[in-house]
Amino acid sequence: MKKIFSYFLALGIALCGVSSVQAADNNPYELANEVATTTINDIKANKDKLSDRSVAEGIIEKDLIPYIDIKYAAYKVIGTSLKNTSAEERQRFTDEFAVYMKNSLIDVLSKYTNQDIVPAKVESVDPSTNLVSVKLLIREAGKKDLELVLKLRKNNKTGQWKAFDLIGENISMLDAKISELSPIIKNNGVDAAIAKLKSGDKK
């Protein structure tokens, strides 16, 4: 679980500040590297304040949440039950999934110490490609590097890349929630899954 905290943290570091890189046709590798480089210093500058929920929440709501494809991730969790849910149910689940993600990231940012991100190798991306996995490393003095893979998806309408999953040491954050919640949705409905998400909210 301690490593999962690092994965969540890396996601925050890798994506906070995406607003400074607005071009829709950005190479996702360059995007991840630029964002990580330009924002790690901001996070370090505020590390003594990150235990203040309002500071962490402000960073996440302004610089992170808008650039995670929450709807896509939420729909992946709903999975094969998607066609059996109403638009209203899907929206309520997506909204609660966003709250869950925000609270998880707030909790992790409050635990930030001195991790750094080793940039990914930049590769060319075919214009027709809409899914990319970007490999980065979490580096902390005196500890073994942790490998993580940030999965990004390009919206075919807007051309904008957004993250929807993070994999660390073969552990997928999204797959973990799919395994936990998809059976609940299938057997007991969306409301039961929403209740499960809420039960994990500490705030």
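Here are a few questions and answers on this predicted model.

Q: How many helices and strands does the protein have?
A: Reading from the N terminus, the order goes α-α-α-α-α-β-β-β-β-β-α-α. Tallied up, the secondary structure is 7 helices and 5 strands.

Q: Is Thr94 buried or exposed?
A: Thr94 sits in helix H5, which covers residues 87-109. Leaving aside residues up to four places away in sequence, Thr94 touches Ile70, Lys71, Ala74 and Tyr75. Buried means under 20% relative accessible area. Thr94 comes in at 10%, so the call is buried.

Q: Which residue's backbone oxygen does the side chain of Thr94 reach?
A: Thr94 is part of H5. At 2.8 Å from the Thr94 side chain, the backbone oxygen in question is that of Arg90.

Q: How far apart are the end C-alpha atoms of helix H6?
A: H6 runs over residues 173-188, so there are 16 residues to work with. At 1.5 Å a residue, the helix should span 22 Å. The model agrees with that, as the end C-alpha atoms are 23 Å apart.

Q: Where in H6 does the kink lie?
A: Look shortly before the proline, Pro183. The bend there is about 30°. One of the buried residues of H6 marks the spot, and that residue is Leu181.

Q: Which residue follows H6?
A: At the other end, the start of H6, a side-chain oxygen of Ser172 comes to within 3.3 Å of the backbone nitrogen of Leu174. Past the helix there's a residue with a positive phi, near 95°, and that's Gly189.

Key
Residues are numbered from 1 along each chain as its sequence is written. This is a predicted model: local features need pLDDT of at least 70, side-chain atom pairs count only at pLDDT 80 or more; totals for chains, interfaces and linings use all residues. Side-chain values use heavy atoms; hydrogens and water are left out. Helices (H or I, at least four residues) and strands (E, at least two) are DSSP runs, numbered from the N terminus. Buried means under 20% relative accessible area, exposed over 50%, partly exposed in between (1.4 Å probe, protein chains only). A polar contact is a pair of N or O atoms within 3.5 Å; within protein, one must be able to donate a hydrogen and the other to accept it, and residues adjacent in sequence count only if both atoms are side-chain atoms. Contact means heavy atoms within 4.5 Å. The expected span of a helix is 1.5 Å times one less than its number of residues. The bend at a residue is the angle between axes fitted to the seven residues ending there and the seven starting there.
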